[in-house]
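This report describes how one structure is put together. It takes up helix packing, then cores, single residues and loops.

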Amino acid sequence: MTRERALTYAMWVVIAIYIGIAIYVFWYFGFTKLPSPI
Amino acid sequence: MTTQTGKTPPAPGEYDPHGDIKKIVGILAALAIFIIILYAYIIPLQGGFVSSTSIRSEDLLGADPRFEEQLPIQEVDLGASGRSIFIAFVMLTHILFANLHLGGAWILLSLIILYFISSKERYGHLGRSMALFNVILFSAGATFAAAGVLFFISLYPTFATQGFHIYWWPLLVEAILFGIEILFVYTLWFAWGKVSAAWHIFLGIGYALSIYFQTFAIDTFVSGMLTPGAATITWGEPGLLGMPWVDYLQWWFNPTLWPLQFHRVAAAISFFGFLIAFLAMLHFRDRTDPPSKKYWDWAGSFGILWGLAGLVIQPLLGIWYMYSIFAHQNQAFANIMTGPRAWEMLMMIGFLSLLVVTASVYFIERREHLLVKLGRHDIRNVFRAFAIVAGVAGFILVQPAWLGGIMQFDPGTWANPLGLMYYKHIAILVLIVIGTLIIGIDLLVLRGRRDEEWGNLSRASWAAALIAGVLGSWIVIVMGYVRESARSPWLFYKIVPVPGGQTYPTPVPPHQIFVVWMFALGLAFAVFWFTSRVTSYHPEQEEKV
């Protein structure tokens with residue numbers, strides 16, 4: 001595996017982690033902390 | 001069959017060098033329809049034209065007489081909201097100029113690092129142009145800041161006296177950092193190419209950190225107006241500290257300081273990225289030589305990617321910010337989420353949705369030729385799907401939660417089944433995922449192949465980048481207005497009221513703030529463009545980009 005390809009994979013992993021954090025943050029604040037809409 | 005210019009039109013599925021202008025018309029139509037429905041239908045039916053001064057009149061009766069205005073009200077001859085209009089214009093315009101540094105400094109640092117890692121001249125040229133652009137416009141931002149301070153002192157003397165006294169130390173730090181910031185960025189521009197790589201990076205980091213902490217210093221004040229550190233203002237003995245140190249810390253490091261600070265940085269990065277794209281598109285049209293066109297096409301793409309990156313971070317910080325307001329200033333949360341200012345949040349999230357749609361359209365159109373050439377119809381279809389799904393998410397996000405009452409849970413209001421916050425949280429997540437994946441695909445999958453294409457910019461992608469530039473700036477001043485009106489009718493929430501009572505209602509009404517936005521954007525963009533014309537580097541004919 002070339003260094004460039006490894007870097008590309010690493011960046012995809014970073015993007016996946018970011019999306020995971022976003023899901024967690026919205027679940028945490030949006031669905032458990034902020035008031036229910038009803 | 002031929003077109004009016006005698007050329008054969010492209011077959012379905014083939015690349016059209018003009019791009020699909022219908023998509024651009026669709027974006028502009030969506031924007032116009034959204035604003036018309038918002039102003040003609042949603043705002044009146046959510047009580048958006050009713051002032052917070054009127055709605056919170058009983059609360060105002062309980063204000064401490066010490067914080068009522070002692071001096072006569074200074075009129076500015078612009079009607080009942082005249083003073084607020086003055087402040088809104090000067091501070092929102094200031095934000096547009098200040099964000100050049102807060103966001104631009106980090107993008108400039110990225111250019112410095114990319115330049116020294118890749119040795120590609122274009123990074124250096126754009127970085128140096130940006131440094132000079134920010135050096136020149138530093139004075140504009142500082143001028144509006146100083147004007148804002150003067151207006152606060154003149155128009156709201158009691159608030160200014162209390163506020164500037166509580167925040168003396170942070171404001172002193174801010175003032176000193178004005179000097180340090182311009183020292184760094186001026187030196188960076190002046191020494192560009194004359195000092196080592198390490199010095200460039202040092203100056204770039206120094207510039208970014210000085211503006212970061214300068215914003216942090218003023219944010220102690222700005223956030224403290226919404227979530228004050230105490231229930232009232234209690235002064236102590238004369239001396240270096242006007243109140244006990246722990247009390248100061250409560251005021252300065254109040255509950256919304258950090259979320260506001262980080263949200264501002266992300267918003268400023270997004271703003272500056274989209275602004276680069278906007279100016280690059282104007283230069284692209286302005287220049288006729290192919291090297292310049294290639295350079296500005298690349299710069300536009302670089303800006304859009306930064307704009308999108310800043311954009312997808314904001315909702316995460318935004319929901320943290322909203323939760324902090326909910327937990328510590330519940331009434332202000334009600335004002336902007338379930339009350340008469342909720343339309344502002346709809347406008348903001350509507351712009352955010354439209355920005356993701358516009359960025360998707362930009363990449364559909366900008367990479368069309370490359371993707372056809374590479375035979376990557378899968379990516380073409382993914383980009384198209386992103387634009388459609390982002391549009392659907394945006395449609396969910398702009399749904400009003402209720403109509404027919406000032407507060408969402410007033411008796412007799414109509415609850416919109418599509419306006420549930422749970423749906424909106426999911427829709428925002430969808431936009432974040434789309435924006436992040438677009439960045440990933442463009443940077444990681446197409447990287448290396450994009451260089452073949454610079455200069456080959458279709459009219460549709462050119463227009464999409466321009467629209468993104470305008471929306472990216474407009475959303476910033478909408479956010480500023482949201483925070484201001486969440487606080488109304490208070491200057492320090494539930495402590496210092498906006499002076500004048502019912503005779504001088506706040507916030508600035510929706511139609512008047514619209515005019516303020518147009519003036520602020522018009523002025524700022526004129527200054528940005530004319531400054532950019534003299535600060536921008538354009539490749540010479542013989543140079544390769």
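## Helix packing

In chain B, H4(B) packs against helix H8 (residues 197–226) at an angle of about 165°, and the two axes lie 9 Å apart. An angle over 145 degrees counts as roughly antiparallel, and H4(B) is therefore roughly antiparallel to H8(B). The crossing of H4(B) past H8(B) is left-handed. On the H4(B) side, the contact is made by His101(B), Leu102(B), Ala105(B), Trp106(B), Leu108(B), Leu109(B), Ile112(B), Ile113(B) and Phe116(B). From H8(B) come Ala197(B), His200(B), Ile201(B), Gly204(B), Ile205(B), Tyr207(B), Ala208(B), Ile211(B) and Thr215(B). Sorted by class, this contact of H4(B) with H8(B) has 14 nonpolar residues, four polar residues and no charged ones. The model is a predicted one.

A second pair in chain B is formed by helix H5 (residues 121–155) and helix H17 (residues 510–535), which pack at an angle of about 135° with their axes 9 Å apart. H5(B) and H17(B) are therefore oblique to each other. Their crossing is right-handed. H5(B) contributes Ser129(B), Leu132(B), Phe133(B), Ile136(B), Leu137(B) and Ala140(B), which meet Val527(B), Thr531(B), Ser532(B) and Thr535(B) in H17(B). The contact of H5(B) with H17(B) divides into six nonpolar, four polar and no charged residues.

## Nonpolar cores

The largest nonpolar core holds 165 residues. Those with the most contacts inside it are Ala88(B), Phe351(B), Leu355(B), Leu431(B), Ala465(B), Ala468(B) and Ile475(B). Which helix gives the most to this core? It is helix H4 (residues 82–118) of chain B, with 22 residues. Another core lies apart from this one; it has six residues, including Tyr167(B), Tyr248(B), Trp251(B) and Trp252(B).

Leaving out residues up to four places away in sequence, Ala88(B) touches Tyr481(B), Glu484(B), Val508(B), Ile513(B) and Val516(B).

## Ile24(B) in helix H1

Ile24(B) belongs to helix H1 (residues 21–45) of chain B. Is Ile24(B) buried or exposed? With 22 other C-beta atoms within 10 Å, Ile24(B) is buried; the cut-off for this is 20 or more. Beyond residues up to four places away in sequence, Ile24(B) touches Ala460(B), Ala463(B) and Ala464(B). Ile24(B) and Val222(B) are 198 residues apart in sequence, and their C-alpha atoms are 38 Å apart in space.

## Loops and backbone features

Two peptide bonds to proline in chain B are described here. The bond that joins Ser488(B) and Pro489(B) is cis, with omega about 5°. Pro489(B) is in the loop between helix H16 (459–487) and strand S3 (490–492) of chain B. The bond from Thr506(B) to Pro507(B) is also cis, and its omega is near 0°. Pro507(B) sits in the loop between strand S4 (496–497) and H17 of chain B.

Thr506(B) is likewise in the loop between S4 and H17 of chain B. Thr506(B) is buried, with 25 other C-beta atoms within 10 Å. Setting aside neighbours within four places in sequence, Thr506(B) is in contact with Ser51(B), Ser52(B), Thr53(B), Ser81(B), Ser84(B), Ser488(B), Pro489(B) and Val498(B). Its contacts thus include Ser488(B) and Pro489(B), the two residues joined by the other cis bond. Thr506(B) and Ala140(B) are 366 residues apart in sequence and 28 Å apart in space, C-alpha to C-alpha.

The table sets out Ser119(B) and Lys494(B), which have positive phi values without being glycine.

| Residue | Phi | Loop in chain B | Other C-beta atoms within 10 Å | Exposure |
|---|---|---|---|---|
| Ser119(B) | about 60° | between H4 and H5 | 9 | exposed |
| Lys494(B) | near 60° | between S3 and S4 | 19 | partly exposed |

The count of 12 or fewer that makes a residue exposed is met by Ser119(B), with 9. Lys494(B), with 19, is partly exposed.

## Chain A and its contact with chain B

The secondary structure of chain A consists of one helix and zero strands. Of its 38 residues, 5% count as buried. The contact between the chains takes 16 residues from chain A and 16 residues from chain B. On the side of chain A that touches chain B, 13 residues are nonpolar, two are polar and one is charged.

Notes: Residues are numbered from 1 along each chain as its sequence is written. Chains are lettered from A and ligands numbered from 1 in the order in which they are written. This is a predicted model: local features need pLDDT of at least 70, side-chain atom pairs count only at pLDDT 80 or more; totals for chains, interfaces and linings use all residues. A nonpolar core is a set of buried Ala, Val, Leu, Ile, Met, Phe, Trp, Tyr and Cys residues joined through C-beta atoms within 7 Å. Helices (H or I, at least four residues) and strands (E, at least two) are DSSP runs, numbered from the N terminus. Two residues are in contact if their C-beta atoms, placed from the backbone, lie within 7 Å. Axes are lines fitted to C-alpha atoms, for helices over the stretch in contact, and angles run from 0 to 180 degrees between N-to-C directions. Angles under 35 degrees count as roughly parallel, over 145 as roughly antiparallel, 65 to 115 as roughly perpendicular and the rest as oblique. A crossing is left-handed if the near helix is turned anticlockwise from the far one by less than a right angle, and right-handed if clockwise. Ala, Val, Leu, Ile, Met, Phe, Trp, Tyr, Cys and Pro count as nonpolar, Asp, Glu, Lys and Arg as charged, and the others, Gly among them, as polar.
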